[in-house]
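Me: Hello! I am new to this structure and would like to go through it with you, one question at a time. Could you show it to me before we start?

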Amino acid sequence: MVALALMAQATGFRRETLAIALLLMAVALFIGVATFVRGVAINYEDARWVAGMNLLRQAYLQMIPELEPYFVTGHGPEGDRQSLAYGSRQRLATLVNSLTTTSGVVAALNSVLAGSMASDIAALLGGGLSLEIPLGAAISLASALMHVRHAGRFRQTHGWPGAPSAGTRA
């Protein structure tokens with residue numbers, strides 16, 4: 001971005017600058033989308049590890065019930081599902097928390113990039129500010145909704161990681 005700003009200043013922010021900015025934003029958006037998709041999968045893997053640790057704590061408590069006061073986290077099959085919040089439906093009350101996760105921050109950055117690219121394309125086509133700004137905002141919002149939808153579908157497809165699957169014993 002610094003190099004782009006220096007180039008824009010040196011070239012008088014002509015169309016060439018917009019074209020190079022579009023190329024750089026496209027590359028950054030590709031990397032961002034790949035990072036987001038992997039981040040959603042990593043969240044699921046983390047939830048599986050927590051569910052596994054909960055099962056181990058449950059087993060310890062079945063063998064030695066006197067250990068219960070020493071556990072500070074969940075120890076049932078559902079364990080910390082509420083505190084982890086994996087698999088719970090997205091609500092307005094939890095939106096702020098979702099935006100502070102790695103995948104949430106990447107989704108926000110991707111959405112801004114997508115909107116910036118749309119505004120850049122409109123500028124290259126000579127659309128003017130009355131088209132560039134609303135188009136960029138609309139594409140940013142659409143991108144944000146697509147990110148949320150992807151994460152929701154991933155959770156629906158994979159379910160709660162602590163639940164027994166068809167291949168495991170309950």
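Me: Thanks! To begin, what percentage of the residues of the protein chain count as buried?

Reply: Good place to start, and please keep in mind that this is a predicted model. A residue counts as buried when its relative accessible area is under 20%. In the protein chain, which has 170 residues, the share that counts as buried is 28%.

Me: How many helices and how many strands does the protein chain have?

Reply: Reading from the N terminus on, the elements run α-α-α-α-α-α. That order matches the totals for the protein chain, which are zero strands and six helices.

Me: What share of the contacts with a separation of 6 or more joins residues 24 or more positions apart?

Reply: A contact here means heavy atoms within 4.5 Å. Among contacts in the protein chain with a separation of 6 or more, the part that comes from residues 24 or more positions apart is 63%.

Me: And the surface: what percentage of the accessible surface belongs to carbon and sulfur atoms?

Reply: The protein chain has an accessible surface of about 11,500 Å². Of that area, the portion belonging to carbon and sulfur atoms is 68%.

Me: Which residues form a nonpolar patch on the surface?

Reply: The patch has about 440 Å² of accessible area when its members are taken together. One of them, Ile31, has its place in helix α2. The full set of residues in this patch is Leu23, Val27, Phe30 and Ile31.

Me: How far apart are the end C-alpha atoms of helix α5, and what span should its residues give?

Reply: Helix α5 covers residues 102–124, which makes 23 residues. The expected span is 1.5 Å times one less than the number of residues, so this helix should span 33 Å. The end C-alpha atoms agree with that, as they are 33 Å apart.

Me: Which residue just after α5 takes a positive phi?

Reply: The phi in question is about 80°. The residue that takes it, just after α5, is Gly126.

Me: What kind of aromatic pair do Tyr44 and Phe154 form?

Reply: A search of the whole structure finds one aromatic pair. In it, the rings of Tyr44 and Phe154 are 6.0 Å apart centre to centre, with 75° between the planes. Planes over 60 degrees apart count as edge-to-face, so the pair of Tyr44 and Phe154 is edge-to-face.

Me: How many residues apart in sequence are the parts that this pair ties together?

Reply: Tyr44 is buried at 14% relative accessibility, and Phe154 is buried too, at 16%. Tyr44 lies in helix α2 (residues 15–63), while Phe154 lies in helix α6 (residues 129–158). The pair therefore ties together parts whose distance in sequence is 110 residues.

Me: Which residue forms a salt bridge with Glu45?

Reply: Side chains of opposite charge can pair when their charged atoms come close. The structure holds two salt bridges, and one of them joins Glu16 and Arg14, with the closest N and O atoms 3.4 Å apart. For Glu45, which is partly exposed at 32%, the closest N and O atoms are 3.1 Å apart, and the partner is Arg38.

Me: One last thing: is Ser140 buried or exposed?

Reply: Ser140 has its place in helix α6. Leaving aside residues up to four places away in sequence, Ser140 touches Ser111, Val112 and Gly115. Its relative accessibility is 19%, and the cut-off is under 20%, so Ser140 counts as buried.

Notes
Residues are numbered from 1 along each chain as its sequence is written. This is a predicted model: local features need pLDDT of at least 70, side-chain atom pairs count only at pLDDT 80 or more; totals for chains, interfaces and linings use all residues. Side-chain values use heavy atoms; hydrogens and water are left out. Helices (H or I, at least four residues) and strands (E, at least two) are DSSP runs, numbered from the N terminus. Buried means under 20% relative accessible area, exposed over 50%, partly exposed in between (1.4 Å probe, protein chains only). Accessible areas come from the Shrake-Rupley method with a 1.4 Å probe; for residues, only the protein chains shown count as cover. Rings of Phe, Tyr and Trp (its six-membered ring) pair if their centres lie within 6.5 Å; planes under 30 degrees apart count as stacked, over 60 as edge-to-face and the rest as tilted. A salt bridge is a side-chain nitrogen of Lys or Arg within 4 Å of a carboxyl oxygen of Asp or Glu. Patches are made of residues with over 30% relative accessible area and no salt bridge: like charges are joined within 9 Å, nonpolar side chains (Val, Leu, Ile, Met, Phe, Trp, Tyr) within 5 Å.
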